[in-house]
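Me: I'm new to reading protein models, and the labels confuse me. Could you go through some of them with me and show how each one is earned?

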Amino acid sequence: MIAGDGISRFDGYTFTNYTTDDGLPDRRVNDLLETRSGVYWIATESGLCRFNPTGDRVRSPSFGSPNENREVRNEQSAIRNSDNPMFSVFNPGEKPIAFNVLLEDDTGAIWCGTHEGLFRLKISSDGSVHFHEIDLGMRLGLASDNVAAILKDHQGALWIGKGGVLYRLLADGRVERYTQQNGLGSTAILSLLEDRDGNIWVGSQGGLGGTLRRLVTAPDPSRSIVARVYNENDGLPSMWVNSLLQTPDGRLWVATNFGLYVSSAETEKGARSFRHYNAKNGSCEVDVWALTEDRDDNLWVASMCGAIKVAHNGFTGYGLDDGFNALFIDSIFENRDGELFATNAPSTVGLTDYEGRRINKFDGARFTPVEPNLPSDIKYHGWGWNQTILQDHTGEWWIPTGSGLYRFPKVDRIEELAHVRTKFVSTVGDDSNRTEIFRLYEDARGDVWIATTGVHFGLLRWERATNTVHDHTAETGVPPKTDFTAFIEDRTGNLWIGTSETGGLLRYRDGRFSRFTTADGVPPGWVISLYLDRSGRLWIASQLGGLNRIDDPAADTLHIVRYTTLNGLSSNNIRSITEDLWGRIYAGTGHGVDRIDLANGNVKHYTVADGLPKNGIEHAYRDRNGALWFGSPFGLSRLIPEEHETHSPPSVFLTGVRVEGIVQRVSELGETNLPQVELDADQHQLSVDFVGLAASVGDELRYQYRLEGADSDWNAPTTQHTVNYARLASGHYRFLVRAINSEGAPSLQPASISFTILPHIYQRWWFATLAGFLLVTIGYVGYRSRVARLLGIERVRTRIAADLHDDIGANLTRIAILSEVAHQQLHDTHPSAAGPLSSIARISRESVASMSDIVWAVNPRRDSLLDLVLRMRSFANEVLAGRQIEFQFDAPDRELSQKLGAELRRDVFLIFKEALNNAVRHSGCTHVTIELRLDQFLLVLVVRDDGCGFAPSDSSEGHGLVSMQRRAKAIGGELQLQSQADKGTKVSLSVPRRRWV
């Protein structure tokens, strides 16, 4: 976009400006050309620039003067301040010249119109630029050498507007020259256009007789080449024609210093008429400089008022030039004959000072206004809107005022309302002339409902059958001073009435009112408007609660569906509702119009940029031909919607990448696919900016993105156009983003960037391999050391067991035998020695038994569960069988090879011995049950007898139970003792598996 100071680029959200601080040689920019190869050339007052979107911003060393830091090479000079400047500046010679207009022809050649004539630009394979002057038969340096317009026609001829002379450069090199003698004007040629029929149009710089000319199909230098001149008679005053463009619908658009003009369809004789496309259409009243089209055939207008878009199927505005006396639209409606009316309210908008209400009838092109013949003393006409002026089914007109209600007879022509006599309608008796009429509505019976405000807040019904007025205010149950704001009748004959503030929503059925409030789901605040769609659903426009829908208005209990800004609406203050022929809902708001497609939930926004009048859209209406009308305090617009809009899918570009907050270089124009990036291990924070470009300015884009390598699917659509990843793990990633328009169409190709975050050194494969090898080696060494230590311990245990058995055990056995022999020998001769000898033998035998237990516990060959079971079974058989005590021994039949530590085996066995000895010595039992079992977590020993039992509190006198508790605690087990008199005793030991070894 060419601005007043350099050039600006709009990415859909913000403008980026480029000036002399960025390398432009001059702030005055005249033209911009994007070649078919995507290269941008910029015509300035001080040379031709080539834009490098990945270059460095370098301040131009000159401003409108020759560059001192330039190097002349092959008739070109380039800026030398940077090896990669954003703007490279070229001129035909040493002195900078002004470039006016640029054109790329079908061969790829670039034609340059300058203040010093016409040049053809040639670019060599090495990128060097060469200018070739085109000799048109005029000397350089003259004022008439200024080339302001260039056109290449379908026959290959080049048309050049040079001052007031038109040149035609033919394909064979011949030059034809046309001047005033050939019918052209005396002023400079500013614009050229070839229309789709092959006609050449010439726009000039003011002058008498007209400034727009259409040439003949076969021009001849010897005669007039002008087929028609367009002037005031055709709707074009004398002015500067700065730019010409023909849209696909055949209309011709003319950009002038007096604003924008557009032609009607061409007649069979080739004549066109023009109308001013002015502020009511959203255009500028003065100084329109350039025109262009986007890919969806929307027209873009560069003007003093800024950049303006004219949608190809957009809104048509109607204002003061179209018959209105005031811009403030009060209501829009049709009568039973299909005639469309728009009424005005008191207004000072648009330089008018109108205090009454006018009725404006649409004739297909313009509106015919009429002011009804009300009494001259009526100065205040009320502040109601929407359902105000009413033409009933008989053709009579009902006109509300601030001083009562008036009824006009049916007239054949709308203009007759200005003259016919009216009839005052008595509404509240003697005080009717002080009653302000707020709303009017005719129901299916022909009765007229009247909402009043001001002095009297009320709901009245004029009954046609009896010509009487009924006051229903008290029956409604609404709070005092409540306004009745909207009326609509559903398919079952129920009348729905909206109210202000906390009044809620009313339903009038079978002569009774039902009131629904926020407790029933009715939105808060004013009910501004009501609408019944083609499916019979009731829509509620709420001041605070968004757009609301009741699917079954006949139901006793209301089910209300609400649409708000959370669903994509531009505002929760809904002012008006209508729908198109395909069921799409249009909601007027303070920000424009939101279109809701109920089939997919998509919302499209229309704003002033699309041709809507500014301010809130208070009125929305669909006529019987399917056209949609929207009114505001600043005018009226019409939209003819299409069932299937042919919008191109949006494009999407990556515009910024930051790694750990450091900006990475990205093209100024954005990128669709950035090359692979490799990041260090500590560079795990990534931020990406992106924008989508859609043809429609009112089309609010949403975005979906995903990070391959981290995300499994696209994220939910969002309006945010920046994403930040805070702490990414090392790995390979690919970021993808796509834009989605209001129709739900995504970008054909997502934009992407691939990157790899390297792992830390300790996360590299070779480091992991080395570390693993070291760990295995250390583990192996540790294992070997532990095995060696265990083997050494086992050898020591084996040696101790052998020593105890062979030495001490043998000696104790010998002592026992010798004591027995001595006892027998001395029994008769020395009776006194028999007792000690018998004790020595007994103690020796007991010591041998204890020594046997110690040897068994120490011996590593007895470390299995099977050895413990055998030892316990042997002891039980020895102790119990000799005393005629029956026993049952239950032992595990699995995991018999389970290793048990020496301490565990010894302590478990000794606890078992103590429990068994206690049963034999003290219980007087006849049966003992022994149970040894394993489960997933415990080794459990249970010894149960059927003896006399005892009170556990009395067991403290002996040391056996204390010893058993101590041993259980030493091996991390738990010992429990249960006993009752005459019910036997149960000793339970449980040892966790972790303590077995």
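Below, each label is checked against the cut-off behind it.

Me: What kind of model is this, and how many helices and strands are there?
Reply: It's a predicted model. The protein chain has six helices and 68 strands. Buried residues account for 50% of its 997 residues.

Me: Why is Asp22 called buried?
Reply: The label goes to residues under 20% relative accessible area. Asp22 comes in at 8%, so it counts as buried. Asp22 sits in the loop between strand E2 (15-18) and strand E3 (29-34). Leaving out residues up to four places away in sequence, Asp22 touches Asn17, Arg57, Val58, Met86 and Phe87.

Me: And why does Arg57 count as partly exposed?
Reply: Partly exposed covers what falls between the 20% and 50% cut-offs. Arg57 has 39% relative accessibility, so that's the label it gets.

Me: How do you know that Arg57 and Glu668 form a salt bridge?
Reply: You need a side-chain nitrogen of Lys or Arg within 4 Å of a carboxyl oxygen of Asp or Glu. Here the closest N and O atoms are 3.2 Å apart, so the pair passes. The two residues are 611 residues apart in the chain, with Arg57 in the loop between strand E5 (47-51) and strand E6 (70-73) and Glu668 in the loop between strand E57 (662-664) and strand E58 (673-679). The structure holds 33 salt bridges.

Me: What makes Arg575 and Glu618 a salt bridge, and are they buried or exposed?
Reply: Their N to O distance is 3.1 Å, and the limit is 4 Å, so it's a salt bridge. Arg575 lies in strand E49 and Glu618 in the loop between E52 and strand E53 (619-622), so the pair ties together parts 43 residues apart in sequence. As for burial, Arg575 has 14% relative accessibility and Glu618 has 15%. Set those against the cut-off of under 20%, and both residues are buried.

Me: Why are strands E49 and E52 called edge strands?
Reply: They belong to an open sheet with the order E49-E50-E51-E52 and antiparallel pairing. Strand E49 (574-579) and strand E52 (603-606) each have a single partner strand, so one side of each has no neighbour in the sheet. From one strand to the next, the twist averages 20°.

Me: How do you know that E50 and E51 are paired?
Reply: Pairing takes at least two bridges. Strand E50 (residues 585-589) and strand E51 (residues 592-596) are joined by five bridges, so they're a pair, and they run antiparallel. Ile585 stands opposite Ile596 in E51.

Me: What makes a group of residues a nonpolar core?
Reply: Its members are buried residues from a set of nonpolar types, joined through side-chain atoms within 4.5 Å. The largest one here has 37 residues, and Phe912, Leu916 and Leu941 touch the most other members. Helix H5 (902-923) is one of the elements that each supply at least two residues, and nine residues, the largest share, come from H5. A second, separate core of 28 residues includes Leu459, Phe484, Tyr531 and Ile585. In soluble globular proteins, nonpolar side chains tend to be buried together.

Me: One last pair: what makes Asp907 and Arg967 a salt bridge?
Reply: Their side chains meet at 3.1 Å, N to O, and the limit is 4 Å, so the name fits. Asp907 is in helix H5 and Arg967 in helix H6, 60 residues apart. Both residues are buried.

Note on methods. Residues numbered from 1 in each chain as written. Predicted model: local features only at pLDDT ≥ 70, side-chain atom pairs only at ≥ 80, totals over all residues. Heavy atoms only, no water. Helix = DSSP H or I, 4+ residues; strand = E, 2+ residues; numbered from the N terminus. Axes fitted to C-alpha atoms, helices over the stretch in contact; angles between N-to-C directions. Buried < 20%, exposed > 50% of the residue type's maximum accessible area, 1.4 Å probe, protein only. Contact = heavy atoms within 4.5 Å.
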